[in-house]
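Here's a quick walk through the charged side chains and aromatic rings, plus a word on where to trust the coordinates. Have the viewer open while you read.

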Amino acid sequence: AGDYGGVLGLGAVAVPRMDKPVPTTALGRARQALSLAHSPGTLPCRDNERKKIVDFVEQSINAGAQCLGRCLYISGVPGTGKTATVREVVRTLRKKSRDGSLPRFNHVELNGLRLQTPKHAYSAIAEELMGERLSPQAANDVLDRRFKEGRGSDGRVTVLVIDEMDLLVT
């Protein structure tokens with residue numbers, strides 16, 4: 001992946017944003033709003049949860065090199081907006097970073113459903129951060145050096161979002 005306005009993110013270069021035409025009929029607008037690909041700007045009734053996530057991630061990014069491995073676990077029943085809320089928070093923080101009101105940061109998003117094995121998470125993270133395809137073991141070694149010793153690091157905080165994490169624990 002490449003630099004996307006100061007923020008590295010999954011698919012930032014590989015998949016350019018395509019603006020779709022705005023539907024002109026009520027049916028077209030309803031179809032678009034109910035599409036699985038549609039992500040609302042802000043989820044209703046999630047203000048408290050959203051604020052907690054924003055505060056946590058923003059504090060971590062602002063801490064910079066002093067931020068040594070903070071973790072936030074979000075759980076709940078399916079369909080309540082966990083993933084959509086986190087994605088909306090990341091979009092907001094990316095914008096703040098591009099505007100210069102938040103330090104630049106790396107963002108990697110993984111989904112446990114899309115990984116061949118749990119060990120392939122290392123390969124996906126390494127590919128996103130460094131643009132290299134590595135075996136899970138080689139990626140583990142490189143990431144270990146990057147995060148423990150700072151070797152190969154660009155000095156930015158990395159925000160790692162793992163969706164469907166329970167599938168990685170087997």
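## Confidence first

Residues 1-6 have pLDDT under 50 throughout. The model still gives that stretch 21 contacts beyond four places in sequence, so take that count together with the cut-off: pLDDT is the predictor's confidence in each residue, on a scale from 0 to 100.

This is a predicted model, and the chain as a whole has a mean pLDDT of 85. Residues at 70 or more make up 86% of the protein chain.

## Salt bridges

How many salt bridges turn up in a search of the whole structure? The search comes back with 10.

Let's begin with Glu58 and Lys96, whose closest N and O atoms are 2.3 Å apart. This pair ties together distant parts of the chain, 38 residues apart: Glu58 belongs to helix H2 (residues 47-63) and Lys96 to helix H3 (residues 82-98). Is Glu58 buried or exposed? Glu58 counts as buried because its relative accessible area is 16%, and buried means under 20%. Lys96, with a relative accessible area of 28%, is partly exposed.

Then there's Glu49 with Arg46, where the closest N and O atoms are 3.9 Å apart. The cut-off for a salt bridge is 4 Å, so the pair makes the list at 3.9 Å. Both partners are partly exposed: Glu49 has a relative accessible area of 39%, and Arg46 comes in at 24% relative accessibility.

Arg133 and Glu127 also meet through their side chains, at 3.2 Å from N to O. Here Arg133 is exposed, at 73% relative accessibility, while Glu127 is partly exposed at 30%. Elsewhere, Arg146, Asp154 and Arg156 are joined into one network by salt bridges that share partners.

## Rings and charges

What about aromatic pairs? The count is 0, with 6.5 Å between ring centres as the limit for a pair.

Charges over rings are another story. Which ring does the charged end of Arg70 sit over? That would be the ring of Phe56, with the charged end 4.1 Å from its centre. Arg146 lies over the face of Phe147, 6.0 Å from the ring centre. Arg146 is also part of the salt-bridge network with Asp154 and Arg156, so check both the ring and the acid when you look at this side chain.

Terms used. Residues numbered from 1 in each chain as written. Predicted model: local features only at pLDDT ≥ 70, side-chain atom pairs only at ≥ 80, totals over all residues. Heavy atoms only, no water. Phe/Tyr/Trp six-rings, centres within 6.5 Å; stacked < 30°, edge-to-face > 60°. Lys NZ or Arg CZ within 6 Å of the ring centre and 35° of its normal. Contact = heavy atoms within 4.5 Å. Buried < 20%, exposed > 50% of the residue type's maximum accessible area, 1.4 Å probe, protein only. Helix = DSSP H or I, 4+ residues; strand = E, 2+ residues; numbered from the N terminus.
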